[in-house]
Amino acid sequence: MRVQVLIIGAGPAGLLLGQCLLREGIDALILESRSREYVLGRIRAGVLESATVALLERLGVAGRLHAEGLAHEGFDIAFAGERLRIDLAALTGRSVTVYGQTEITKDLMDARDAAGGKTSYEVSDVAIEGFDTDHPRVTYTHKGNSQSIDCDFICGCDGFHGVSRASVPPAAIRLYERVYPFGWMGVLSDTPPVHDELIYVSHERGFALCSQRSRTRSRYYVQCPLSEQVDEWPDERFWAELRRRLPGEAAKTLATGPSIEKSIAPLRSFVAEPLRFGRLFLAGDAAHIVPPTGAKGLNLAASDVYYLAEALVGFYKEKSIVKMDQYSARALSRVWKAERFSWWMTKLLHRFPEEGEFGRRMQLAELEYIAGSRAAQTALAENYVGLPY
Ligand code: APR
Ligand code: PHB
């Protein structure tokens, strides 16, 4: 069999790219190792930059986002008993949208099915061949049958643990990584959010975050040691610890209830360079990981796809390889800025015991500085709403 573009992975990156190519009439197949239900069942973040919303609008998949998403014109940072509101709208003229990654994945899957887009779920043994030649090929097993697909290009959108980056010879790729010595214990609950905007908390006992999915569903996180297990955190312990880290008013009004999802996420900064190897392209988590503190993971997958779609459309529609040759540099330029912002937010808001009391005073001094400086708040806000493509 043959397609023009073979996409590996039906996460946000693969589905977004699939939608871009569908709209341009470029023939593509998506291979996904998990079932559709499993992919949809993953609980991930949900703060969208204005540029990501614009891309979803352009792709015709923003209907439900506009109907159910929540526009947030600011967020709070709580520290040392203070609550500082970062007024995104006043500082940048832009806002972010709270709309779960699960919902975006569902909207993209529905749009793909409606347009007759080809997706094979529950494939296995995916292997990539010849991406350094003009005849790349992907082999895999589907429903017990081994399959082989010839294509012009392979787009590795298969996440951090995928086969695509792993198929690149070590000598051809540079990896940059920072692993943080703690995790995020996250709880999803059908309780009304403690506040109508997000609250990022810097506390002696560690970081906390109050986020939401809707007016009736909340998402909370507390910084926890990586050595701890989920079963060491019964709901009561989670709510008690969160309440201890919240500023006065929020601690009083926090509505608690049974968790409907609970998990620990490790924190990592990771970048692979370059993002193109002959006819193989990497996008999304296959190429880079950010700690969730800056809410950049999904938005970086979107900007990668924006540049990659331009490259493929340039090749097929304008017979030009200019944007294809520029893809890696364009995508990585934005990736590194988002990596810096996510690393900086993580350093600013989490407890690093090894940094000692001096480290803590540096954090508090920086937070005080931000509280008193419009310039510092503007820098924070413009990174949070998303830097231009
Ligand atoms: N063959 C086929 N599919 C694979 C393979 C493989 N060998 N390995 C992984 N996959 C699939 C996974 O099952 C997953 O559905 O690739 C998909 C990758 O999706 P994500 O991990 O969600 O990565 P991406 O699409 O880049 O989205 C990045 O997801 O993790 C969040 O914070 C992250 O928001 C960011 C977004
Ligand atoms: C979330 O809603 O899950 C969320 C929001 C903001 C973040 C990280 C996660 O920075």
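Two helices, α1 (12–23) and α10 (297–317), each put at least two residues into the shell around ligand 1; helices here are DSSP runs of H or I with at least four residues, strands are E runs of at least two, and both are numbered from the N terminus. This is a predicted model, so local features need pLDDT of at least 70 and side-chain atom pairs count only at pLDDT 80 or more, while totals for chains, interfaces and linings use all residues. Residues are numbered from 1 along each chain as its sequence is written, chains are lettered from A and ligands numbered from 1 in the order in which they are written, and side-chain values use heavy atoms, with hydrogens and water left out.

**Ligand 1**

- The shell holds 23 residues, with Glu32, Arg44, Gln101, Asp285 and Leu298 the closest; a residue is in if one of its heavy atoms lies within 4 Å.
- By type, that shell splits into nine nonpolar, eight polar and six charged residues. Nonpolar covers Ala, Val, Leu, Ile, Met, Phe, Trp, Tyr, Cys and Pro, charged covers Asp, Glu, Lys and Arg, and the others, Gly among them, are polar.
- Glutamate 32 uses a side-chain N or O atom, 2.6 Å from an oxygen atom of ligand 1.
- Backbone atoms join in too: a polar one of alanine 13 sits 2.9 Å from a ligand 1 oxygen, and an N or O of leucine 298 is also 2.9 Å from an oxygen atom of ligand 1.
- On its own, ligand 1 has 710 Å² of accessible area, and the protein covers 85% of that. Areas come from the Shrake-Rupley method with a 1.4 Å probe, and for residues only the protein chains shown count as cover.

**Ligand 2**

- Around ligand 2 there are 13 residues, and Tyr200, Ser211, Arg213, Tyr221 and Pro292 come nearest.
- Two side chains reach its oxygen atoms at 2.8 Å: tyrosine 200 through an N or O atom, and arginine 213 through a polar atom.
- Proline 292 brings a polar backbone atom to 2.7 Å from an oxygen atom of ligand 2.
- Of the 280 Å² that ligand 2 exposes on its own, the protein covers 99%.

**Arginine 219**

- Arginine 219 belongs to strand β16 (residues 218–224).
- Its relative accessible area is 3%, so it counts as buried; buried means under 20%, exposed over 50%, and partly exposed in between (1.4 Å probe, protein chains only).
- Its side chain makes a polar contact with the side chain of tyrosine 221 at 2.9 Å. A polar contact is a pair of N or O atoms within 3.5 Å; within protein, one must be able to donate a hydrogen and the other to accept it, and sequence neighbours count only if both atoms are side-chain atoms.
- Leaving out residues up to four places away in sequence, arginine 219 touches several others, including Ser211, Arg213 and Glu261 (heavy atoms within 4.5 Å).

**A small topic: one open sheet**

- Three strands run in the order β3-β7-β4, with antiparallel pairing; strands pair if DSSP finds at least two bridges between them.
- β3 (47–48) and β4 (70–72) are the edges, each with a single partner strand, so one side of each has no neighbour in the sheet.

**Backbone oddities**

- Most residues other than glycine have a negative phi, and most peptide bonds are trans.
- The bond from glutamate 273 to proline 274 is cis, with omega near -10°.
- Glutamate 122 has a positive phi near 55° and is exposed at 56% relative accessibility.
- Lysine 319 has a positive phi of about 50° and is exposed at 69%.
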